[in-house]
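I opened the notebook to record what I looked up in this structure, one topic per entry.

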Amino acid sequence: MKSRMENKREDLVHLYQVMLTIRRFEERVVIDYRSGAIPGIVHSYIGQEAVATGVCTNLRLDDRIVSNHRGHGHCIAKGADLNRMMAEIYGRKTGYCKGKGGSMHIADFSIGMLGANGIVAAGLPIAAGAALAAQLEGGDRVVVLFFGDGATNEGEFHEVLNLASIWKLPLIFACENNLYSVNTPVQYATGLEHVSERATGGYGIPGVIVDGNDVVAVYEATKKTVAEVRAGGGPVFLEFMTYRWRGHFEAPGIPDLRPAEELEAWKGKCPIAGLERILLENGIVSRQTLEEINVQVMQRIENAVSYAVESPFPAPEDALEGVFSS
Amino acid sequence: MRKISYEQAASEALLEEFRRDEKTIHLSTDVPPDLRKEFGEARIRQTPISESSFVGAAIGLAGSGFRPVVNIRMATFGFVAMDQFVNQAAKITYMFGGQARFPIVYRMTVGASKSFAAQHSISPYSMYMNVPGLKIILPATPYDIKGLMKTAIRDNNPVICFEHMALEAMEGEVPEDEYTIPFGQAVIRREGTDVTVVALAKMVHEALAIAEEMKLEGISLEVIDPCTLIPLDRETIKASVAKTGRLVVVDEACITCGAAAEFTALVVEEEQIFRRLKSSPKRVCGLDIPIPYSPPMEQYALPSREKIKAAVREAMT
Ligand SMILES: Cc1ncc(C[n+]2csc(CCOP(=O)(O)OP(=O)(O)O)c2C)c(N)n1
Ligand SMILES: [Mg+2]
């Protein structure tokens, strides 16, 4: 990771705080899932924190994002409330979706987080619609669409690339290429080294390949892209090369078949440790400041868990409410 | 007799049929290791996450002389490929005047109860029952899935095998010797005299447990598992209701336009049986809501033993 002294101290510290919040949040979710306190399935974002953080830090409150099954990091980075997120994951009435959605379906429309999605690639057309709305309204809002390498094999992906291209939508494709969909290597499933080739080669959408574990690189690349898209330049495809540290999801049933050495090598490229080095080696912050940040983050996670645990479960009959809007 | 799990029984059926017929071919995003080891990469193919393509490719393979087995995993992923199921697989035999055969097995898991939330929990068999041209099987035991799966692979039509996810680990007796189970034969899981309970998938086991409990109340339940929905063994159900005069249908799928409505229509439409009814037929089904995540709401959305018993008691009054 390169040292980028042109970045302001506050910006770098902010990136650090957000990444650490995601990491600690996810670690806690894994522990509480294992202990049986959290039902269902959760897909951990650990290892990919730099992507959500570096991207969303460039967005305004009125910009929108659409997420996928591995969505906690996107939510946190867009500014979602940890208490209501944790309460949702715990299945409580005070959660973002009143306990109806759970880990895979957190949304906060008030901050432009239009929802995680349990169906691979299903968020893509929805994001295209949100981008069309932004275009029709005439402002300079942008939409960022988070999806994995695996999603690029669904027909919807190709259809949306085409729509975005011909309508010049203010849409940023943020592909998290973590090299696998479950246990299928991206090279097998796509025949390509980089899935952004599909956007550039097939649909004339500019593509940028970014080190997704270098939060400063993610931040800088997105900053440039957001400015271009806001100015009406049409869609851009950002391909972030990264890796998930945990199995596909936190549940028995699917073994992790990825090579152990590969995982270890990627752990050596930890996005948080990388930024920590920049901060310390350049004397931007002291170790003590980092420790204070860690304590604050841990406190917020603790508070979120307490909020969730102390919140009531929905009543069974609450299930009947909300199939239709009033 | 030896006991194996529902999942193992299904794998055995595949292994045996893949040995028996070299035109069988397997498509799925997650490769079954045992099949891959024995039959290799060409026949046991790993697919990208491209449901429309591999559901449709199976049609092309089948029409070209192969016998594809496609594992889609969750039924909710199958919706991505709806055109290939509904407009293509279901209609192609008829529409082209029977020029070719389309032997395909599509496997999908159904059901709720694991807090997987709405996009990973559904029992959509009746949606497909509404589309002529698809055979639909719904095995409820390890014995059944093995025998029905083998028949499905040998059938010359598109067959959808719906497998309830809560049954995967369930163990049951499965003989070592080879057998197949014909489609269209309901099984009377328990004989009784007072109320006919037609139950589907996981609900078969709930109904059997309730039958045991209700014996203590002096109510005798006859529990019927249709096993296959298309073709449907109407005669066994009708004969049972003609005997008991009462029908309760138990299905986890949403109540509106579900399979349960079909069973109910079956007994009220036929004058002979209608006359013998001692009370109106009852349906105990999933509520008409997307499956919610949080456990108290999810349980509420599904048929509970209490609700089933209440329906039986009501049928008795
Ligand atoms: C249409 C559909 N097919 C299959 C699945 C099951 N599934 C969930 S996540 C996933 C892998 C997705 O891979 P990728 O897009 O690379 O995201 P990653 O999990 O690597 O973050 C699969 C196959 C699904 N949810 N939806
Ligand atoms: Mg991936």
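**Entry 1. Chain B, fold and surface**

I note at the outset that this is a predicted model. I began with the contacts of chain B: of those between residues at least 6 apart in sequence, 77% join residues at least 24 apart. I then looked up the secondary structure, and chain B has 14 helices and 14 strands.

I checked the overall dimensions next. The radius of gyration of chain B is 20 Å, which agrees with the value near 20 Å for a compact globule of 317 residues. The box filled by the C-alpha atoms of chain B is roughly 60 × 40 × 40 Å along the principal axes.

For burial, I found that 56% of the 317 residues in chain B are buried. The exposed area of chain B is about 12,700 Å², and 51% of that area comes from carbon and sulfur atoms. I also looked up the charges: chain B has 36 positive and 41 negative ones, and their mean positions are 2 Å apart.

**Entry 2. Aromatic pairs**

I counted aromatic pairs over all chains and got 13. I took B:Phe85 and B:Tyr106 as one pair to look at: their ring centres are 4.8 Å apart and their planes stand at 70°, so I recorded the pair as edge-to-face, for which the angle must be over 60 degrees. B:Phe85 sits in helix H5 (residues 82-89) of chain B and B:Tyr106 in strand S5 (residues 104-110) of chain B, so this pair ties together parts that are 21 residues apart in sequence.

Are these two residues buried or exposed? B:Phe85 is buried, at a relative accessible area of 0%. B:Tyr106 is also buried, with 0% relative accessibility.

I then turned to B:Tyr125 and B:Phe162, whose ring centres are 5.9 Å apart and whose planes are at 65°, so this pair is edge-to-face. B:Tyr125 belongs to helix H7 (residues 125-129) of chain B and B:Phe162 to strand S7 (residues 158-164) of chain B, so the parts tied together here are 37 residues apart in sequence. B:Tyr125 counts as buried at 1% relative accessibility. B:Phe162 is buried too, with a relative accessible area of 0%.

I asked which residues form one aromatic cluster with B:Phe85. The cluster consists of B:Phe85, B:Tyr106, B:Tyr125, B:Tyr128 and B:Phe162.

**Entry 3. A lysine in chain B**

I looked up B:Lys150 and found it in helix H8 (residues 142-154) of chain B. B:Lys150 has 0% relative accessibility, and the limit for buried is under 20%, so I entered this lysine as buried.

What is B:Lys150 in contact with, leaving aside its neighbours within four places in sequence? The list for B:Lys150 holds B:Ala13, B:Glu16, B:Glu17, B:Glu178, B:Tyr179 and B:Thr180.

**Entry 4. Chain A, fold and surface**

I went through chain A under the headings used above. Chain A has 12 helices and seven strands. Its radius of gyration is 19 Å, and this agrees with the value near 20 Å for a compact globule of 326 residues. The C-alpha trace of chain A spans about 55 × 50 × 40 Å along its principal axes.

Of the 326 residues in chain A, 59% are buried. Among contacts in chain A between residues at least 6 apart in sequence, I noted that 74% join residues at least 24 apart. The area exposed by chain A is about 12,900 Å², with carbon and sulfur atoms supplying 53% of it. Chain A carries 31 positive and 40 negative side chains, and I found the centres of the two sets 2 Å apart.

**Entry 5. Two residues in chain A**

I looked up A:Arg287 in helix H12 (residues 287-310) of chain A. At 51% relative accessibility, A:Arg287 counts as exposed, because the limit for exposed is over 50%. I also took a distance: A:Arg287 and A:Glu276 are 8.9 Å apart from C-alpha to C-alpha, and 11 residues apart in sequence.

I found A:Ala273 in helix H11 (residues 271-281) of chain A. A:Ala273 has a relative accessible area of 29% and is partly exposed. From A:Ala273 to A:Asn83 the C-alpha to C-alpha distance is 26 Å, and the two residues are 190 residues apart in sequence.

How values were computed: Residues numbered from 1 in each chain as written. Chains lettered and ligands numbered in written order. Predicted model: local features only at pLDDT ≥ 70, side-chain atom pairs only at ≥ 80, totals over all residues. Heavy atoms only, no water. Helix = DSSP H or I, 4+ residues; strand = E, 2+ residues; numbered from the N terminus. Rg over C-alpha atoms; globule rule 2.2 N^0.38 Å. Buried < 20%, exposed > 50% of the residue type's maximum accessible area, 1.4 Å probe, protein only. Contact = heavy atoms within 4.5 Å. Areas by Shrake-Rupley, 256 points an atom, 1.4 Å probe, with all protein chains shown as cover. Lys, Arg positive; Asp, Glu negative; His and termini not counted. Charge placed at Lys NZ, Arg CZ, Asp CG, Glu CD. Phe/Tyr/Trp six-rings, centres within 6.5 Å; stacked < 30°, edge-to-face > 60°.
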